[in-house]
Amino acid sequence: MADQLLQQIVNSLLIGSVYALVAIGLTLIWGVMNVLNFAHGDFLMLGMFTAFWCYTLFKMDPLFSIPVCAAVLFLLGVGIYRFIVSKVMKGPGLAQLVVTFGVSIFLANLAVMLWTPDFRLIEKPLLSGTWSLGSVQLSIPKFAASVGSVLVSAAVFFFLKRTRTGKAILAVEMNRDAALLMGINTERINSLSFGIGSALVGIAGAFLSMYYYIHPQVGGLFGLISFCIVALGGFGSIEGAFIAGILIGLVQTLGGYFFDPAYKYALVFLVYLITVWIRPQGLMG
Amino acid sequence: MGVRTFTKRQVSVSAAVLVLLALYPLAVRGSFPMHLMIMVFLFAMLGVSWNIMGGYAGMFSFGQAAFFGIGAYTSSFLLTAYHVNPWIGLLAGGVVAALAAALIGIPCSNLRGHYFAIASIAFAEIVRIHFNNWKLIGAAEGLTIPMQDESLRNFMFHSSKAPYYYIMLGFLILSLGVCSWVTTSRMGFYLRAIKEGHDVAKVLGIDVVRYRMAAIMISAFLTAMAGTFYAQYILYLDPESVLILPISVQIVLVAMLGGAGSVMGPVIGAAILLPISEVTRVKLGFKGSGLDMIIYGTLIMLISVYQPQGVWGFLQKIGRKKR
């Protein structure tokens, strides 16, 4: 019993840290321009497909295609910001919410058209197998994805706190008008944040492609879960998103284990509703 | 805005439109044009119901599918399990949905903007997951409505779609009546005040939570009525056909395209959007290529960028210029 519980906790940390990376990408966009990107999950799907095609066409392992995924998604993010999102930023709030639904439906179905709705898998990734640590089984690709996610999250954290550009992003997040008056090019910061947020989810996609099924609808659930994580962590809070990501991983895995696997995502949503009921601003907001 | 007084012109235009709509079933042949108009009315009603909470009170719900599904499931379950007449099931579905709305309204009563939107999605997803696993109501396999004799009493018609058409038109007019009553009543002014400034409204002594709850519950009741209609019309339902996020998004889109916060807006929105989405689905969707949905997604982006205030506002602007 204790062994199984330990195994479940390990599993939840492994998935929770990847959730955290996905959510940090989302919270950066949300925090800086107050835009909820419903296509975030589909960006993840595109990251996974990028890794898949790098592997299939160029024999490039996901471990080495991480920079490719980051670059592709960065460009996609900047493009979508420039040509679509920035056009509705001054419009009514409802249009800002709806527009990214359009992007999401467009991207998911473009993937269906280009690559069929089939499930795919990277068959022989460089990292595979499991380590046995006592009674706990540790999947090597999952472990690598988790460690990678934590490292990337930490890098983002230091980028925001230590570099000039990072501080400019945080300044815009705090007060857009004041940042503009201080000579920060807020429009540039917007597209940069959208690009970085998308690149992060692209990296998460590369990590996930090492062990997760890849198909056009894979992003939907990840997208919804990352909204809950972001809102749970608090508006635009990187630390909050990280903690909430781990927390949601725990709820999902332990809930599925103790309660009913069919309800594990329902529990995630329930925890979200209860939390915002008690703290409408989220944990760290 | 202000208390609604109808001009002579408005009355005559509405009367003319109603006469045309009443004659429509006599003028068209085949079932697709009838189906199309029924879907337009259905989504117009769903959009009008969304508008009561979204357009006027500023609670952007992306979880209306939950109320729609609860309505459809309540009447269908009562009918299959206890032979309860669907018209009674219709009212029961409305009541259950309103109670569910109250339940979700409590934790969401202070949420704003994006937080409310996410909470509404979370709620609808919980309902969908639960219904997918709930054996009593058929779980993922869903419910088939038992065949009965064709009659208004049984809410079932086999030989023609015309009765469904008139019933749905009646439902739509009813929901327009409710919406128009809400907006011109004291409650309508309170809701708009809450939308414009949550805290200001509170300071002015408006019971924000109470009025927001009332708006959600009225909206849920009407949405559930549409759900029962849908079940009686399609005669089959499962969680993936009534409880999914795309339905909620389509409801928001109908209201936004027409004009959120105007009584007639969603009707215009449905009249534009539904023919496009139904026709592309029928013409392009059969191969499962995704092309119909790509067009739909593009349409959403175009509407958000170029017509975010809705067609209704655009038409009014033109109307004013003419005069």
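**Exercise 1. Determine how many helices and strands chain A has, and in what order they follow one another along the sequence.**

Solution. Begin with the count: in this predicted model, chain A has 11 helices and two strands. Then read along the sequence, where the elements of chain A follow the pattern α-α-α-α-β-β-α-α-α-α-α-α-α.

**Exercise 2. Decide whether the radius of gyration of chain A agrees with that of a compact globule.**

Solution. Take the expected value to start with: for 285 residues, a compact globule would have a radius of gyration near 19 Å. Next, set the value for chain A beside it, which is 19 Å and therefore agrees. For the dimensions, note that the C-alpha trace of chain A spans about 60 × 50 × 35 Å along its principal axes. Turning to burial and contacts, 58% of the 285 residues of chain A count as buried, and, of the contacts in chain A with a separation of 6 or more, 76% are between residues 24 or more positions apart.

**Exercise 3. Locate R212(B), and establish which side chain of opposite charge is nearest to it.**

Solution. Start from the element: R212(B) lies in helix α9 of chain B, which covers residues 208-234. Consider its charge partners next: the nearest side chain of opposite charge is D199(B), 9.3 Å away. Because a salt bridge requires the charged atoms to be within 4 Å, that distance rules one out, and R212(B) is indeed buried without a salt bridge. Finally, list the surroundings: leaving aside residues up to four places away in sequence, R212(B) touches M59(B), C108(B), S109(B), L111(B), F116(B), L191(B), I194(B) and H198(B).

How values were computed:
Residues are numbered from 1 along each chain as its sequence is written. Chains are lettered from A and ligands numbered from 1 in the order in which they are written. This is a predicted model: local features need pLDDT of at least 70, side-chain atom pairs count only at pLDDT 80 or more; totals for chains, interfaces and linings use all residues. Side-chain values use heavy atoms; hydrogens and water are left out. Helices (H or I, at least four residues) and strands (E, at least two) are DSSP runs, numbered from the N terminus. Buried means under 20% relative accessible area, exposed over 50%, partly exposed in between (1.4 Å probe, protein chains only). Lys and Arg count as positive and Asp and Glu as negative; His and the chain ends are not counted. Contact means heavy atoms within 4.5 Å. The radius of gyration is taken over C-alpha atoms; the globule rule is 2.2 Å times the number of residues to the power 0.38.
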